[in-house]
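Student: I'm new to this one. Can you walk me through how the labels get decided?
Tutor: Sure, let's have a look.

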Amino acid sequence: MSQLSLAVDVAGLRLRNPVMNAAGVLGMSHSLLRRIYEGGVGAVVTKSLGPEPRHGHSNPTLVTVEGGALNAMGLPNPGAEYFIDTIRALNGDGIPVVASFFGASIADFRDVAVVLSEAGADALELNCSCPNVEEELSMLGADPGNTEKVTAAVKEAVDKPVLVKLSPNVTDIAEIAVAAERGGADAITAVNTLKGIAVDVDFRRPILTNVTGGLSGPALKPVALRCVWEIHKAVEIPVVGCGGISDWRDAVEYLLCGASAVEIGTAAMKEDLDVYGKVANGIERYLESNGFKEVKEIVGLAHEA
Ligand SMILES: Cc1cc2nc3c(=O)[nH]c(=O)nc-3n(C[C@H](O)[C@H](O)[C@H](O)COP(=O)(O)O)c2cc1C
């Protein structure tokens with residue numbers, strides 16, 4: 001019998017395999033999150049939840065572009081309190097839950113984290129790329145000081161692993177990751193979407209109502225891999241890679257660059273939900289055919305080449 005194991009421990013979050021869904025890309029009902037788990041993820045990641053219900057931007061909020069998609073959803077969500085029952089139901093199914101969250105102020109971030117943690121989330125993913133933050137957190141995703149402050153406030157309030165999810169729209173992402181680590185982050189998720197614009201030449205105006213949107217999908221992958229590479233070199237805590245993963249080869253690239261686990265978003269919009277399981281199986285075959293027994297043996301290996 002093979003002794004190979006796909007199980008990973010990401011900062012105390014124990015997963016049957018290193019593949020998760022990326023926050024927000026699919027819906028967030030209990031039944032859909034359960035189907036995502038049945039599709040093969042090690043844990044389900046929720047859409048980002050805030051302190052209040054939020055409609056998000058008006059349509060169009062999503063446009064496909066060469067190599068991916070641009071979206072400006074505007075963080076629509078039912079609010080953290082509303083989601084408590086869903087977390088409990090997922091707990092009842094034995095499904096590990098990573099609750100993604102955001103706020104406009106430090107108090108918001110802390111309060112939402114407490115609600116989700118007490119509801120039973122196994123880990124929290126702090127979304128640093130949120131718009132409309134208040135003065136005290138201005139430029140959150142691009143400001144090391146504010147990233148450290150908000151991470152520290154959340155870590156003081158909850159005893160669950162906190163993954164801090166970073167934006168690639170910064171000059172030096174390693175500096176922001178180091179700040180999150182200083183604030184007590186247990187892991188870094190890299191990355192959220194890359195800011196872009198698509199224009200309708202007939203109407204001669206931007207396609208998205210919000211004008212700008214976030215680029216996801218294969219076009220994002222080289223940028224996201226570079227971010228994971230730089231962060232892995234800069235911090236001691238684990239990194240979760242995200243951006244443009246469509247198949248197991250993409251996922252293995254992330255592991256080799258230093259990710260301990262990965263998240264898949266846009267690929268699941270056009271493939272069946274079994275994309276997660278296919279990627280996990282592909283990682284397993286790769287480990288087996290190269291004589292490795294555990295995922296962690298290949299994490300960061302490309303740095304040693
Ligand atoms: C439609 C859509 C909605 C998203 N919503 C969220 C969200 O609520 N919170 C978050 O942290 N990231 C959100 N993201 C970003 C993804 O989680 C992920 O970081 C990004 O899409 C890159 O991964 P991918 O190329 O595999 O999609 C969203 C992306 C898309 C396309």
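**Rings, burial and helices**

Tutor: This is a predicted model. To start, tyrosine 286 is partly exposed, with a relative accessible area of 21%.

Student: What makes tyrosine 286 partly exposed?
Tutor: Buried means under 20% and exposed means over 50%. Tyrosine 286 has 21%, so it counts as partly exposed. Tryptophan 248 has 24%, so it gets that label too.

Student: Why is the pair of tryptophan 248 and tyrosine 286 called tilted?
Tutor: The ring centres are 5.9 Å apart, and pairing needs them within 6.5 Å. The planes are at 40°, while stacked is under 30 degrees and edge-to-face over 60, so the pair is tilted.

Student: Where do those two sit in the chain?
Tutor: Tryptophan 248 is in helix H7 and tyrosine 286 in helix H9, 38 residues apart.

Student: What makes phenylalanine 101 and phenylalanine 109 edge-to-face?
Tutor: Their planes are 75° apart, and over 60 counts as edge-to-face, so the name fits.

Student: How do you know that phenylalanine 101 is buried?
Tutor: Its relative accessibility is 0%, and the cut-off is under 20%, so it is buried. Phenylalanine 109 is also at 0%, so it is buried as well.

Student: Why are H4 and H5 called roughly parallel?
Tutor: Helix H4 and helix H5 pack at an angle of about 30°. Angles under 35 degrees count as roughly parallel, so that is the label for H4 and H5.

Student: Which residues meet there?
Tutor: Among them, Pro144 and Thr147 in H4, and Ile176 and Ala179 in H5.

Definitions and conventions. Residues numbered from 1 in each chain as written. Predicted model: local features only at pLDDT ≥ 70, side-chain atom pairs only at ≥ 80, totals over all residues. Heavy atoms only, no water. Phe/Tyr/Trp six-rings, centres within 6.5 Å; stacked < 30°, edge-to-face > 60°. Buried < 20%, exposed > 50% of the residue type's maximum accessible area, 1.4 Å probe, protein only. Helix = DSSP H or I, 4+ residues; strand = E, 2+ residues; numbered from the N terminus. Axes fitted to C-alpha atoms, helices over the stretch in contact; angles between N-to-C directions. Parallel < 35°, antiparallel > 145°, perpendicular 65-115°, else oblique. Contact = heavy atoms within 4.5 Å.
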